[in-house]
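Me: I am a first-year student and I would like a close look at a single part of this protein chain. Could you walk me through it in plain words?
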Amino acid sequence: MGHMDPAFHELTQAVSEQLRAVFRTENPCTIALPATGGSGPAVFADNFVEEGDRVVVGICGVFGERMAQAFERVGAEVVRVEGEWGRDIPPAELTAALGPEASVLAVVHGETSTGVVQEMDGLGAACREAGAILLVDCVTSLGGMPVEIDEWGVDAAFAGTQKCLNCPPGLAPFTAGPRALERLEERSRPPGSWYLDLSLIWAWWDPETRGAYHHTVPVNSIYGLHEALRLILDEGLEARWERHERAHRAMRAGLAVWDIGVLAPPECALWPLIAALTPEGVDADALRSQLLQEQDIETAAGFGQFAGRMFRIGLMGASARLESVEFLLEALADPLGKDPGPAIEAAREAFG
Ligand SMILES: *Cc1c(COP(=O)(O)O)cnc(C)c1O
């Protein structure tokens with residue numbers, strides 16, 4: 001199938017429709033960018049910001065910092081609102097930083113480096129009042145816990161395919177609403193990157209200008225995404241969120257039996273990712289390498305201050321289920337010198 005084939009265009013329209021359902025938005029401009037989720041901050045910065053604009057960024061982990069740097073690279077005046085790693089940022093602190101000058105508020109909804117979910121309440125309304133647009137990284141939350149683009153008043157957001165959407169990596173689902181698209185029209189000059197120019201990318205997806213060539217749309221990846229989204233919508237988005245929540249609760253309950261700390265408290269916990277802290281005297285990286293070599297289980301390392309003390313557990317998409325939780329607890333018992341029975345029992349009970 002060629003990417004200019006009208007039949008393929010039909011498929012991309014279907015993907016756009018599916019993505020609207022998953023993002024919970026009516027935005028016509030809902031597409032898949034031809035790059036991984038990490039392209040999102042660059043697309044935000046290149047398209048919605050110009051040199052000298054004041055951009056407020058919430059930072060309580062690695063991905064918030066990345067977003068700040070993307071805005072700095074286009075010459076924005078970045079106001080960093082820093083929060084403790086392992087907690088989200090109180091919305092009032094973010095909105096207080098807006099002032100009359102800010103043109104953008106950018107936050108990470110699911111901070112994968114710490115397993116924290118950002119409270120979104122009040123951000124959309126405050127941005128409207130301040131004349132700013134709200135830009136959100138939903139890479140780890142989309143498909144794994146509630147994301148409500150329209151209800152929250154989010155003006156643009158991006159995600160990735162390989163986290164809770166349970167799809168191969170390579171695309172970044174993306175949505176932009178009218179307030180964000182207005183910024184494109186108001187720009188004093190075109191975005192610095194031709195390739196990441198949203199107007200040109202959108203012209204291919206837009207049913208009105210359909211197929212205006214910009215890049216070779218990654219056909220096979222789009223097919224994969226279509227199927228992954230079909231599975232999500234077949235399961236039901238809410239049912240899927242609930243499954244992630246139950247898997248999260250189960251894993252936490254199991255770890256708690258062994259007094260293994262989880263960085264984020266339950267009230268700001270990102271369901272699909274648990275950042276667990278190793279007990280005193282256990283080297284996290286040795287543990288991770290043992291899990292990988294002996295059990296074929298891959299966990300992620302801790303960043304920054306948590307390097308060597310943290311192992312991050314993904315419960316995303318197909319792995320957000322009780323069997324995975326039990327499998328990992330069983331595998332952890334031996335290296336930690338624990339009895340797996342009580343932890344597995346607790347996990348089962350918490351899963352419900
Ligand atoms: C994984 C991730 C990204 C980057 O996605 P890539 O697919 O690695 O480019 C960005 N933001 C968050 C919150 C992530 O978890």
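Which residues does L135 touch, not counting residues up to four places away in sequence?

Reply: Happy to help! First, a word on what you are looking at: this is a predicted model, in which local features need pLDDT of at least 70 and side-chain atom pairs count only at pLDDT 80 or more, while totals for chains, interfaces and linings use all residues. Residues are numbered from 1 along each chain as its sequence is written, and side-chain values use heavy atoms, with hydrogens and water left out.

Now to your residue. Leaving out residues up to four places away in sequence, L135 touches F44, F48, F71, V104, L105, A106, V107 and A156. Here a contact means heavy atoms within 4.5 Å. L135 itself lies in strand β7, which covers residues 133-137. Helices (H or I, at least four residues) and strands (E, at least two) are DSSP runs, numbered from the N terminus. L135 counts as buried because its relative accessibility is 0%. The cut-offs are these: buried is under 20% relative accessible area, exposed is over 50%, and partly exposed is in between, with a 1.4 Å probe and protein chains only. To place L135 in the chain, take G352: the two are 217 residues apart along the chain, and their C-alpha atoms are separated by 36 Å.

Let's step back to the whole chain. The chain holds 13 helices and 13 strands, and buried residues make up 57% of its 352 residues. Along its principal axes, the C-alpha trace spans about 65 × 50 × 30 Å. A compact globule with 352 residues would have a radius of gyration near 20 Å, and the chain agrees, with 21 Å. That radius is taken over C-alpha atoms, and the globule rule is 2.2 Å times the number of residues to the power 0.38. Among contacts between residues at least 6 apart in sequence, 70% join residues at least 24 apart.

Two helices are worth a visit. Helix α12 (residues 322-336) has 15 residues and should span 21 Å at 1.5 Å a residue; its end C-alpha atoms are 21 Å apart, which agrees. The expected span of a helix is 1.5 Å times one less than its number of residues. Among the buried residues of α12 are L322, V325, L328, L329 and L336. The buried residues of α12 pack against α10 (237-257), α11 (284-295), β13 (310-314) and α13 (340-351). After α12 comes G337, with a positive phi near 65 degrees.

One of those partners, α10, has 21 residues and reaches 31 Å from its first C-alpha to its last, close to the 30 Å expected at 1.5 Å a residue. Its buried residues include L237, W241, H244, M251 and L255. D259 follows α10, and its phi is positive, near 60 degrees.

Finally, have a look at two loop residues. R24 is found in the loop between α1 (6-23) and β1 (30-33). Its phi is near 60 degrees, a positive value in a residue other than glycine. At 27% relative accessibility, R24 counts as partly exposed. N166 is found in the loop between β8 (156-158) and β9 (172-176). N166 also has a phi near 60 degrees, positive in a residue other than glycine, and it is partly exposed, with a relative accessible area of 39%.
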